[in-house]
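Got the viewer open? Let's take a walk through this one, a stop at a time.

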Amino acid sequence: MNVLVINGHPDLSQSVSNATILADLTAQTDWTFHSVAGFAGDIRAEQQRLLDADVIVVQFPLYWSTYPAVLKKWIDDVFTYGFAFGPEGSQLKDKPFLFSVTAGATAESYSTTGFNFLPFEHYQVAYEHPFRAAEVTILDTLITFEMNATPKEGGDKDNTLALAHTHATRIIDAVNAHQESRA
C-alpha cells in the first residue's frame, strides 16, 4: 500500500512532537514523506503525488486552532478547481485521508469555558472543509493534546516525547486497520 504522509509543520528543527512522530513513522514504515514547507510551486507534481497514494496522512500541529500557514498555502494552491472540486474536479473523491494533529494545550481548554473558547470539533470542521469539498474519505482524526515541550510555557519535554511515540503508534495502527478492512 502506498501511504503518503504530508508533513504540515513549517520547521521540524523547532519541533519536538511532530519531529518525533515523523521520525518514528520513518523508522517503522516504508511510507512516503512529503513536507509542504518545501513546496516550490509545482502544482501538477503535488496533485500527482496525491493521486498516486492509496492513503494520505496529514500530519500537523494545531496553530491558533487550525493548521500552519504553510499547509494552508499548499492546500490553497493544490486543491484547485478542476482537480479537487468543480464539474471536472473531485479527482480525490473517496481517497482515504487520516488527520494526525498535535496540540500543545489541554483537551479541557477546547471548550466554551476554556482558553480556546470552543470544543475541538468546531476547529476540526474548519480544517476539514477543503478535504470534504474534495469529497475525500476521512478515516479519522487522531489528536494528542498537551504536546508542549517548552518548560517556560508550562510544557514537559519527557511527557511530549512519550505522547509523540504513542501518537505515532496510533497512526500506524489506524493505517493498518484501514488496510485490513479492505483485504
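Two strands count as paired here if DSSP finds at least two bridges between them. Keep in mind that this is a predicted model.

With that in hand, select strand 1 (residues 3–7) and strand 2 (residues 32–35): they pair in the parallel sense over four bridges. Show the side chains of Asn7 and Ser35, which are bridge partners. Now follow the chain from strand 1 through helix 1 (residues 17–28) to strand 2; this β-α-β crossover is right-handed. Back on the strands, Leu4 stands opposite Thr32 of strand 2.

Next, bring up the whole sheet. It is open, with five strands in the order 2-1-3-4-5 and parallel pairing. Strand 2 and strand 5 are the edges, each pairing on one side only. On average, neighbouring strands are turned by 20 degrees against each other, ignoring direction. Add helix 5 (residues 157–182), which packs on this sheet and touches strands 1, 3, 4 and 5. The direction of helix 5 makes about 165 degrees with that of strand 5.

Last stop: helix 4 (residues 120–133). Its end C-alpha atoms are 20 Å apart, which agrees with the 20 Å expected because its 14 residues advance 1.5 Å each. Look for a kink of about 40 degrees at Tyr127, shortly before Pro130. Which residues of helix 4 are buried? Colour Phe120, Tyr123, Gln124, Tyr127, Glu128, Pro130 and Phe131. These buried residues pack against strand 3 (55–61), helix 3 (69–78), strand 4 (96–102) and strand 5 (137–144). Step just past the end of helix 4 to Glu135, which takes a positive phi of about 65 degrees.

Terms used: Residues are numbered from 1 along each chain as its sequence is written. This is a predicted model: local features need pLDDT of at least 70, side-chain atom pairs count only at pLDDT 80 or more; totals for chains, interfaces and linings use all residues. Side-chain values use heavy atoms; hydrogens and water are left out. Helices (H or I, at least four residues) and strands (E, at least two) are DSSP runs, numbered from the N terminus. The expected span of a helix is 1.5 Å times one less than its number of residues. The bend at a residue is the angle between axes fitted to the seven residues ending there and the seven starting there. Buried means under 20% relative accessible area, exposed over 50%, partly exposed in between (1.4 Å probe, protein chains only). Contact means heavy atoms within 4.5 Å. A crossover is right-handed if, with the strands pointing away from the viewer, the path from the first strand over the helix to the second runs clockwise. Axes are lines fitted to C-alpha atoms, for helices over the stretch in contact, and angles run from 0 to 180 degrees between N-to-C directions.
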